[in-house]
Amino acid sequence: MKVTVVKPTKEQQKIMEAYPVWEHEAGSFPWKYEEKQETCLIIEGKGYVEGPEGERSYFEAGDLVRFPIHWECTWNIEKKIRKHYVFDKEI
């Protein structure tokens, strides 16, 4: 399982902008994507997630990020994150 971080197409960005916004101040916390895959568009901020094997995936404003189902990680937010997000939808 792998996190993917890409620059979205204009169409992907437009689709993602219709979904809810989540935000979190700088800091770290554990998270598990139990039964759903998440796709998000980072609107503001930057940070990275660290997986169970120590692998890191970095992201910042403008990135489209996909988190796999059944994946555990630690979120490390370096600068307040705001993101559009959706579960179980291919964008």
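This briefing describes the overall build of the chain, then one strand pair, and then a single residue that follows the last strand. The model is predicted, and it shows a chain with one helix and seven strands. In sequence order these elements follow the pattern β-α-β-β-β-β-β-β, and the radius of gyration is 12 Å, close to the 12 Å that the globule rule gives for 91 residues, so the chain is as compact as a globular protein of that length.

**Overall build**

- The C-alpha trace of the chain spans about 35 × 25 × 20 Å when it is taken along its principal axes.
- Among contacts in the chain with a separation of 6 or more, 79% are accounted for by residues 24 or more positions apart.

**Surface and charge**

- Of the 91 residues in the chain, 37% count as buried.
- The chain exposes about 5,600 Å², and carbon and sulfur atoms supply 49% of that area.
- The chain carries 14 positive and 17 negative charges, and the mean positions of these two sets lie 6 Å apart.

**Strands 4 and 5**

- Strand 4, which covers residues 38–50, runs antiparallel to strand 5, and five bridges join the two.
- Within this pairing, Lys-46 has Glu-60 of strand 5 as its bridge partner.
- Five residues lie between the strands in the hairpin of strand 4 and strand 5, where Gly-54 takes a positive phi near 90°.
- In a regular strand the side chains alternate between the two faces of the sheet.
- Strand 5, residues 56–60, has a covered face made up of Ser-57 and Phe-59, whereas Arg-56, Tyr-58 and Glu-60 belong to its uncovered face.
- Glu-60 therefore appears in two roles, as the bridge partner of Lys-46 and as a member of the uncovered face of strand 5.

**Asp-88, after the last strand**

- Asp-88 is placed in the segment after strand 7, a strand that covers residues 71–87.
- The relative accessibility of Asp-88 is 49%, and because exposed means over 50%, this residue counts as partly exposed.
- Once its neighbours within four places in sequence are left aside, Asp-88 is in contact with Glu-35, Lys-36 and Gln-37.
- Asp-88 and Val-21 are 67 residues apart along the chain, and their C-alpha atoms are separated by 16 Å.

Note on methods
Residues are numbered from 1 along each chain as its sequence is written. This is a predicted model: local features need pLDDT of at least 70, side-chain atom pairs count only at pLDDT 80 or more; totals for chains, interfaces and linings use all residues. Side-chain values use heavy atoms; hydrogens and water are left out. Helices (H or I, at least four residues) and strands (E, at least two) are DSSP runs, numbered from the N terminus. The radius of gyration is taken over C-alpha atoms; the globule rule is 2.2 Å times the number of residues to the power 0.38. Buried means under 20% relative accessible area, exposed over 50%, partly exposed in between (1.4 Å probe, protein chains only). Contact means heavy atoms within 4.5 Å. Accessible areas come from the Shrake-Rupley method with a 1.4 Å probe; for residues, only the protein chains shown count as cover. Lys and Arg count as positive and Asp and Glu as negative; His and the chain ends are not counted. The place of a charge is taken as NZ of Lys, CZ of Arg, CG of Asp or CD of Glu. Two strands pair if DSSP finds at least two bridges between them.
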